[in-house]
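Please open the structure in a viewer and set it to a cartoon representation. The tour below proceeds by selections, each followed by a description of what is found there.

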Amino acid sequence: MAREKRAAFAAEEYWGRPVPGFGDPEARVYVLGLAPAAHGGNRTGRVFTGDRSGDWLFAGMHRAGLANQPTSQHRGDGLKLHGAFIGAAVRCAPPANKPLPAERDNCLPYAAEELRLLSEVRVIVCLGAFAWDCAARLHGLRPKPPFAHGAEYQVDEGPVMLGTFHPSQQNTFTGKLTEEMLDAVFVRARELAA
């Protein structure tokens, strides 16, 4: 995907490798996304950075006090997360933004390791049904609890899974996800993490 550059970024060198998670090592809120965007995280090397989903995500996190600024354009832009860490279920930009089960299964151990190292995590904010499914897999939940925007599930002796629609253009342009809806999820995440 790093070979296929968007015209606006033609002069930029794309990261084009697996994108690690980032944030506060003492995080109590872990935000789990789908995968790096082809011209966002795959370009910048930081998940949700430089794409429109990230614009929504970081603005919501900023309003909730989880980020020091509402935007993220590149890795050196000064963004800092407070009490939060962001990772992705799949670490490379998948073709057509639709990861195959093998890609999910290959990458999910990296999210598992992040969660193991982030010993203070109390809440996993799952950005969309794919992330919800992956969080359920990480915790061995069978049957998987049903996903919905605002859904909550307390993992036995583990964190609370909190669902939200993904902040993709498909959801934000159509009004399926509004700023108020996203804000409510992050306010609830802060309450649960306290």
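The stops below lead from the whole chain to its helices, strands and selected side chains.

**The whole chain**

Begin with everything selected, and bear in mind that this is a predicted model. The chain contains six helices and six strands. Followed from the N terminus, its elements come in the order β-β-α-α-β-α-β-α-β-β-α-α. Colouring by burial is useful here: of the 194 residues, 51% count as buried. The exposed surface of the chain amounts to about 9,400 Å², and carbon and sulfur atoms supply 53% of it. Among contacts with a separation of 6 or more, 63% come from residues 24 or more positions apart.

**Helix H2**

Select residues 52-63, which form helix H2. This helix of 12 residues reaches 17 Å from its first C-alpha to its last, close to the 16 Å expected at 1.5 Å a residue. Next, show the side chains on the helix. Which residues of H2 are buried? They are Ser-53, Gly-54, Leu-57, Phe-58, Ala-59, Gly-60 and Met-61. To see what covers these buried residues, add strands E1 (22-23), E2 (29-33), E3 (84-88) and E4 (123-127), together with helix H6 (179-193); the cover includes each of these elements.

Both ends of the helix deserve a closer view. At the start of H2, a side-chain oxygen of Asp-51 comes to within 3.1 Å of the backbone nitrogen of Ser-53. Just after H2, select Gly-65, which has a positive phi of about 80°.

**Asn-171, in helix H5**

Keep Ser-53 displayed and add Asn-171, which belongs to helix H5 (residues 169-172). These two residues are 118 residues apart along the chain, yet their C-alpha atoms are separated by 9.7 Å. Is Asn-171 buried or exposed? Its relative accessibility is 10%, so Asn-171 counts as buried. Leaving aside residues up to four places away in sequence, Asn-171 touches Phe-165, His-166, Lys-176 and Leu-177. With His-166 shown in full, a polar contact can be traced: the side chain of Asn-171 reaches the backbone oxygen of His-166 at 2.9 Å.

**Arg-91, in a loop**

Move to the loop between E3 and helix H3 (101-117), and select Arg-91 there. Arg-91 counts as buried because its relative accessibility is 5%. Now add Glu-114: the side chains of Arg-91 and Glu-114 make a polar contact at 2.9 Å.

**Helix H4 and the cysteines**

Select residues 129-138, helix H4. Its buried residues are Ala-131, Trp-132, Asp-133, Cys-134, Ala-135 and Ala-136. They pack against E2, H3, E4, strand E5 (152-154) and strand E6 (160-164). After H4 comes Gly-140, with a positive phi near 60°.

Cys-134 merits a selection of its own. With 0% relative accessibility, Cys-134 counts as buried. How far is the sulfur of Cys-134 from the closest cysteine sulfur? The distance is 8.9 Å, to Cys-126, which is too far for a bond. A disulfide would require the two sulfur atoms to lie within 2.5 Å, and the count of disulfides in the model is zero. Cys-107 may be shown as well; Cys-107 is buried, with a relative accessible area of 10%.

**Strand E6 and its neighbours**

For the last stop, select residues 160-164, strand E6. Why can E6 be described as largely enclosed by the rest of the structure? Five of the five residues of E6 are buried, so the description applies. Rotate the view to inspect both faces of the strand: Val-160, Leu-162 and Thr-164 are buried on one side, and Met-161 and Gly-163 are buried on the other.

Next, show the strands that pair with E6. E4 pairs with E6 in the parallel sense over five bridges, and within this pairing Val-123 has Val-160 as its bridge partner. E5 and E6 run antiparallel and are joined by three bridges. Here, select Tyr-153, which stands opposite Met-161. Finally, follow the hairpin of E5 and E6, where five residues lie between the strands. In this hairpin, Glu-157 takes a positive phi near 50°.

Note on methods: Residues are numbered from 1 along each chain as its sequence is written. This is a predicted model: local features need pLDDT of at least 70, side-chain atom pairs count only at pLDDT 80 or more; totals for chains, interfaces and linings use all residues. Side-chain values use heavy atoms; hydrogens and water are left out. Helices (H or I, at least four residues) and strands (E, at least two) are DSSP runs, numbered from the N terminus. The expected span of a helix is 1.5 Å times one less than its number of residues. Buried means under 20% relative accessible area, exposed over 50%, partly exposed in between (1.4 Å probe, protein chains only). Contact means heavy atoms within 4.5 Å. A polar contact is a pair of N or O atoms within 3.5 Å; within protein, one must be able to donate a hydrogen and the other to accept it, and residues adjacent in sequence count only if both atoms are side-chain atoms. Accessible areas come from the Shrake-Rupley method with a 1.4 Å probe; for residues, only the protein chains shown count as cover. Two strands pair if DSSP finds at least two bridges between them.
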